[in-house]
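This briefing goes through one protein model for a first-year student. Look at the sequence and the structure first, then read the points below.

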Amino acid sequence: MKENISIELKNVEGFISQEEIMALAKKSTLHLDTLNAGTGQGSDFLGWLSLPEDIIAQFDDIEECARQLRSLSDTTVVIGIGGSYLGAKAVIEALGNSVPGNSNDHTVLFAGHTICEDYLAELLEVVDKKNYSIVVISKSGTTTEPAIAFRVLKNHLESKLGKAEAAKRIVAITDAKRGALRSLATANGYKTFVIPDNVGGRFSVLTPVGLLPIALSGFNIREIVQGAQVMESITRNNKDAAANPALIYAATRNLLLDAGKSTEIFVGFTPKLHFLAEWWKQLYGESEGKEGKGIFPAAVDFTTDLHSMGQYIQEGQRIIFETFLSVTTASKKVGIPMEKDDADQLNYLAGKRLTEVNHNAETGTILAHNDGGVPVIRIKVPELSGYHVGQLIYFFEIACAISGYILDVNPFDQPGVEAYKKNMFALLNKPGFEEAAKKIRERLN
């Protein structure tokens, strides 16, 4: 039987008590009832709760599509922004090789998450030399960043291969019936998958949005979903607060917020976790940051960032708590050799694996930060396998929903995201934004 992820709270003692945590966790079982009954804020977007079961019916189709694209091409460009790319990127990075060029497998590149001209130009230079496919992800097909990238890349692929051949290599993940991308896919005969109406972007990793790019990268999507299923069984209907890590995590972070710790820093001790942290930042930032509420989500890569951000965390404003993702077992081995002259004075480490050094750096950091007034939540992960990454995805999603309800906000909307878009559209003279453009230009003059 596989070991599951777990949560350790001994390093929050002295800031909040175990009794407080358990009291709020028990109270928050009401939020589990609200989620399962669909009676809370954002109840139209609860499809992610049952995705670990619902997605099983699509396994064969997703895997066959991945095989088909891999047979036609050596590279796939996945076009999307926010939840339409971060989840896939997070899982691929967590399970894959940390060093670029260290794999002969199918290459997955990303576009549409930026409108930086240099990035897209440099991507075009790369794919011009590749035999590539496109997976475009957008519910509407009109979101600016991915829409621009798709227009440019589609044009490039059609110019390179011809329209008919290009159509065989383009997959659209979009709305079931409506929207610009759905219309374009129907007109051109693209293979399509559906983004469910009741699943928001940042909760969509376990739909084709995340699973197709992950399968294209050569990873076992069934193992990932199995891990999510197990975490669902541990958390979704478990009203024993002491045995439900999602309730405990949500309660702990909100009590720390009440104690003045308004910034949560996600900490990993492997570069493989960098994009899992980016996904986590979007999940919690978009879900909680509204109505003047919410914990600010930040992230660091240790030990690297101990030589930059470490000083602030140790001695800056005491508004911080940390959530360490602690991976027990590395997948590969590197030992430290003995040197006769010991010029670097490292012979005391000779014969040890780097993992042992890394784990001691982690423990030393927790102790130092605790002494400096920083509470630390520790989430223990046996290994970075598909099973455990699947567990992490579901764990963070359901804990986020509970935490949002504790804050009394809607965890499933993001009204503030539209503010910059309206200004950008006006400045670019998009039809219908003339009045807004006039007001903005008056402000700028």
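**Salt bridges**

Glu-362 is buried, with a relative accessible area of 1%. The model is a predicted one. In this model, the side chain of Glu-362 meets that of Arg-378 in a salt bridge, with 3.1 Å from N to O. The structure holds 24 salt bridges, and the bullets begin with this one.

*The pair Arg-378 and Glu-362*

- Arg-378 lies in strand S10 (residues 376–383) and Glu-362 in helix H15 (residues 354–371), so the salt bridge between them links distant parts of the chain, 16 residues apart.
- Arg-378 has a relative accessibility of 15% and therefore counts as buried, because buried means under 20% relative accessible area.
- Glu-362 and Arg-378 also belong to a network of salt bridges, in which they are linked with Glu-8 and Lys-380.

*The pair Glu-264 and Arg-253*

- A salt bridge joins Glu-264 to Arg-253, and their closest N and O atoms are 2.7 Å apart.
- Glu-264 is in strand S7 (residues 263–268) and Arg-253 is in helix H12 (residues 245–258), so the pair ties together parts that are 11 residues apart in sequence.
- Glu-264 counts as buried, at 0% relative accessibility.
- Arg-253 is buried, with 1% relative accessible area.

*The pair Asp-413 and Lys-290*

- Asp-413 forms a salt bridge with Lys-290, where the closest N and O atoms are 2.8 Å apart.
- This pair links distant parts of the chain, 123 residues apart.
- Asp-413 sits in the loop between helix H16 (386–407) and helix H17 (418–427), while Lys-290 sits in the loop between helix H13 (274–288) and strand S8 (296–301).
- Is Lys-290 buried or exposed? Lys-290 counts as buried, at 11% relative accessibility.
- Asp-413 is partly exposed, with a relative accessible area of 27%.

**A charged patch on the surface**

- Glu-117, Asp-118, Glu-122, Glu-125 and Asp-128 form a negative surface patch.
- One of these residues, Glu-122, is found in helix H6 (residues 117–127).
- Glu-122 counts as partly exposed, at 48% relative accessibility.

**The two sides of helix H2**

- Which residues of helix H2 (residues 29–37) are buried? They are Thr-29, His-31, Leu-32 and Leu-35.
- These buried residues cover an arc of only 150° around the axis, and therefore they are on the same side of H2.
- Leu-30 and Ala-37 are exposed, and they are on the other side of H2.

**Residues brought together from separate parts of the sequence**

- Val-108 is found in strand S3 (residues 107–111).
- The relative accessible area of Val-108 is 15%, so this residue is buried.
- Val-108 and Ile-214 are 106 residues apart along the chain, and their C-alpha atoms are separated by 8.8 Å.
- Asn-11 lies in the loop between strand S1 (6–8) and helix H1 (18–27).
- Asn-11 counts as buried, at 8% relative accessibility.
- The C-alpha atoms of Asn-11 and Ile-377 are separated by 6.5 Å, although the two residues are 366 residues apart along the chain.

**Backbone exceptions**

- Most residues other than glycine have a negative phi, and most peptide bonds are trans.
- The peptide bond from Phe-302 to Thr-303 is cis, with omega near 5°.
- Thr-303 has its place in the loop between S8 and helix H14 (310–315).
- Asp-342 is not a glycine, yet its phi is positive, at about 50°.
- Asp-342 is found in the loop between strand S9 (320–329) and H15.
- At 25% relative accessibility, Asp-342 counts as partly exposed.
- Gln-345 is not a glycine either, and it has a positive phi of about 55°.
- Gln-345 is placed in the loop between S9 and H15.
- Gln-345 has 60% relative accessibility and therefore counts as exposed, because exposed means over 50% relative accessible area.

Methods. Residues numbered from 1 in each chain as written. Predicted model: local features only at pLDDT ≥ 70, side-chain atom pairs only at ≥ 80, totals over all residues. Heavy atoms only, no water. Patch = residues over 30% accessible without salt bridge, like charges linked within 9 Å, V, L, I, M, F, W, Y side chains within 5 Å. Areas by Shrake-Rupley, 256 points an atom, 1.4 Å probe, with all protein chains shown as cover. Salt bridge = Lys/Arg side-chain N within 4 Å of Asp/Glu carboxyl O. Lys, Arg positive; Asp, Glu negative; His and termini not counted. Charge placed at Lys NZ, Arg CZ, Asp CG, Glu CD. Helix = DSSP H or I, 4+ residues; strand = E, 2+ residues; numbered from the N terminus. Buried < 20%, exposed > 50% of the residue type's maximum accessible area, 1.4 Å probe, protein only. Arc of directions from axis to C-beta.
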